[in-house]
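Work through the exercises below with the model in view, and try each task before reading its solution.

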Amino acid sequence: MAAAKFTLRLLARRYQQLDLELSEYDDELTTLATQAAPDLLAVYGVGPKAAVRLLGGG
């Protein structure tokens, strides 16, 4: 039982780290997309990820 708790605790910490890292990447992507194509982001329904794809970056 102790091994399972230990493993779950490690997995939870890793999840939190990855979630934070993903959030940081999303923030950076938003910044770059805003600099590269502010008019495209102004179109209804186009977010940073879609804008980058439309610009050929993904």
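**Exercise 1: a charged patch**

E21, E24, D27 and E28 together form a negative surface patch. The model is a predicted one, in which local features need pLDDT of at least 70 and side-chain atom pairs count only at pLDDT 80 or more, while totals for chains, interfaces and linings use all residues. Residues are numbered from 1 along each chain as its sequence is written, and side-chain values use heavy atoms, with hydrogens and water left out.

Task: find which helix holds E28, and state how exposed E28 is.

Solution. Begin with the rule for patches, which takes residues with over 30% relative accessible area and no salt bridge, joining like charges within 9 Å and nonpolar side chains (Val, Leu, Ile, Met, Phe, Trp, Tyr) within 5 Å. Next, locate E28, which belongs to helix α1, residues 2–36; helices here are DSSP runs (H or I, at least four residues), as strands are (E, at least two), numbered from the N terminus. Finally, E28 has a relative accessible area of 43% and is therefore partly exposed, given that buried means under 20%, exposed over 50% and partly exposed in between (1.4 Å probe, protein chains only).

**Exercise 2: the salt bridge**

Task: determine which side chains meet in a salt bridge, and why the pair ties together separate parts of the sequence.

Solution. A salt bridge requires a side-chain nitrogen of Lys or Arg within 4 Å of a carboxyl oxygen of Asp or Glu. The structure holds one such bridge, and its partners are D26 and K49, at 3.9 Å from N to O. Because D26 lies in helix α1 and K49 in helix α3 (residues 48–54), the pair links parts that are 23 residues apart in sequence. As for exposure, D26 is partly exposed at 28% relative accessibility, whereas K49, at 52%, counts as exposed.

**Exercise 3: the overall form**

Task: describe the elements of the protein and give its radius of gyration.

Solution. Count the elements to find three helices and zero strands, which run α-α-α from the N terminus on. Then consider the radius of gyration, taken over C-alpha atoms: the protein has 18 Å, whereas a compact globule of 58 residues would have a value near 10 Å, by the rule of 2.2 Å times the number of residues to the power 0.38. The C-alpha trace spans about 55 × 20 × 15 Å along its principal axes, and of the 58 residues 9% count as buried.

Note on methods:
Accessible areas come from the Shrake-Rupley method with a 1.4 Å probe; for residues, only the protein chains shown count as cover. Lys and Arg count as positive and Asp and Glu as negative; His and the chain ends are not counted. The place of a charge is taken as NZ of Lys, CZ of Arg, CG of Asp or CD of Glu.
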